[in-house]
Amino acid sequence: MADRVSASIVIGGSLSASAYTELVALISDEGLSTEWDGEAFAPHHRAVGRPLSLYAHEVAWGRFEALENWCLLHDVPFARWSGGYGGQWGPERVVQRSDGTLTSYAVTEDDIVVIPQEVLETLGSFEATLAHFAAADFTVPPLVVEGDLPQFGVSTESTLDAERLPHVE
């Protein structure tokens, strides 16, 4: 039996309609919701022009493996928080900036970034420490699905960051 904790994920980027359909299926398989203890996610729950925030309790190992792997494969940016499991692992924030790599940051149960002493020693300077905090505070861009702008009148200003990302077909 897997150790289970609460976890959340914020997903952004630019997707085709078919890629969004794939994403929705993965979200459904994970049993995610747009709020803690909310109803199961449905495609119309997405707020156009905003990143997609999803939540669940009882998440195996605090990871959404299939969903995160899909995002990595398609360079879709995300940030995931998961709570700690006593004696096994601490809470963490994992960031994927659409470059195919995951970066893990130690956080509190309230998702506040902390730096363990050994990491602080490797950073070596105050500037590097500030850069570490800035990198951990990654802002996920809006999730833009093909057809959003004309259909919903979303301003290009709110989707500018997502438009600079690779478009997933």
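Here are some notes on the structure above, point by point.

1. **Before you start.** Keep in mind that this is a predicted model. Everything below describes that model, residue by residue and strand by strand.

2. **The sheet.** A good place to begin is the open sheet of five strands, which run in the order S3-S1-S4-S5-S6 with antiparallel pairing. S3 and S6 sit at the edges, each pairing on one side only. From one strand to the next, the twist averages 20°. Once you have found the sheet, look for helix H2: this helix lies across S1, S4 and S5, and it runs at about 30° to S1.

3. **A closer look at S5.** Which strands pair with S5? On one side there is S4, joined to S5 in the antiparallel sense over five bridges. There is also S6 (residues 103-106), paired with S5 in the antiparallel sense over four bridges. To check the register by eye, find Phe78, which stands opposite Gln96 in S5, and then Val95, which stands opposite Thr103 in S6. S5 is mostly covered, with four of its five residues buried. The hairpin of S5 and S6 has six residues between the strands, and Ser98 in this hairpin takes a positive phi near 75°.

4. **The big core.** The largest nonpolar core has 25 residues, and the members that touch the most others are Ile11, Leu23 and Leu67. Strand S1 (4-11), helix H1 (17-30), strand S3 (52-60), helix H2 (65-73) and strand S7 (143-145) each supply at least two of its residues. H1 gives the largest share, six residues. This is a nice example to set beside a general rule: in soluble globular proteins, nonpolar side chains tend to be buried together.

5. **Ile11 and its neighbours.** What does Ile11 touch? Leaving out residues up to four places away in sequence, its contacts include Leu23, Leu52, Leu54, Leu67, Cys71, Phe78 and Leu143. Three prolines are on the list as well, namely Pro51, Pro77 and Pro141. There is also a second, separate core of eight residues, with Ala79, Tyr105, Ala136 and Val140 among them.

6. **Two residues of helix H4.** Thr129 lies in helix H4 (residues 126-136), and His132 is in H4 too. Are these residues buried or exposed? Thr129 counts as buried because its relative accessibility is 11%. His132 counts as buried as well, because its value is 16%. Setting aside residues up to four places away in sequence, Thr129 touches Ile115, Leu120 and Leu123. With the same residues set aside, His132 touches Tyr105, Ile115, Val119 and Leu123.

7. **Pro91 in its loop.** Pro91 belongs to the loop between strand S4 (78-82) and strand S5 (92-96). Don't let the word "loop" fool you: Pro91 is buried, since its relative accessible area is 19% and the cut-off is under 20%. Among the residues Pro91 touches, not counting those up to four places away in sequence, are Trp81, Ser82, Gly83 and Gly84, along with Tyr105, Ala106, Val107, Thr108 and Glu109. Pro91 and Val5 are 86 residues apart in sequence, yet 9.5 Å apart in space, C-alpha to C-alpha.

8. **Aromatic pairs.** How many aromatic pairs are there? The count comes to three. Trp36 and Trp81 make an edge-to-face pair, 6.5 Å centre to centre with 90° between the planes. This pair links distant parts of the chain, with Trp36 in the loop between H1 and S3, Trp81 in strand S4, and their positions 45 residues apart. Trp36 counts as partly exposed because its relative accessibility is 34%, whereas Trp81 counts as buried at 10%. Another pair, Tyr85 and Trp89, is stacked, at 5.4 Å centre to centre and 25° between the planes. Tyr85 is partly exposed at 30%, and Trp89 is partly exposed at 24%.

9. **Rings, continued.** Ring pairs also link Trp36, Tyr55 and Trp81 into a cluster. Finally, take a look at Arg46, which lies over the face of Tyr20, at 5.1 Å from the ring centre.

Terms used: Residues are numbered from 1 along each chain as its sequence is written. This is a predicted model: local features need pLDDT of at least 70, side-chain atom pairs count only at pLDDT 80 or more; totals for chains, interfaces and linings use all residues. Side-chain values use heavy atoms; hydrogens and water are left out. A nonpolar core is a set of buried Ala, Val, Leu, Ile, Met, Phe, Trp, Tyr and Cys residues joined through side-chain atoms within 4.5 Å. Buried means under 20% relative accessible area, exposed over 50%, partly exposed in between (1.4 Å probe, protein chains only). Contact means heavy atoms within 4.5 Å. Rings of Phe, Tyr and Trp (its six-membered ring) pair if their centres lie within 6.5 Å; planes under 30 degrees apart count as stacked, over 60 as edge-to-face and the rest as tilted. A charge sits over a ring if NZ of Lys or CZ of Arg is within 6 Å of the ring centre and within 35 degrees of the ring normal. Two strands pair if DSSP finds at least two bridges between them. Axes are lines fitted to C-alpha atoms, for helices over the stretch in contact, and angles run from 0 to 180 degrees between N-to-C directions.
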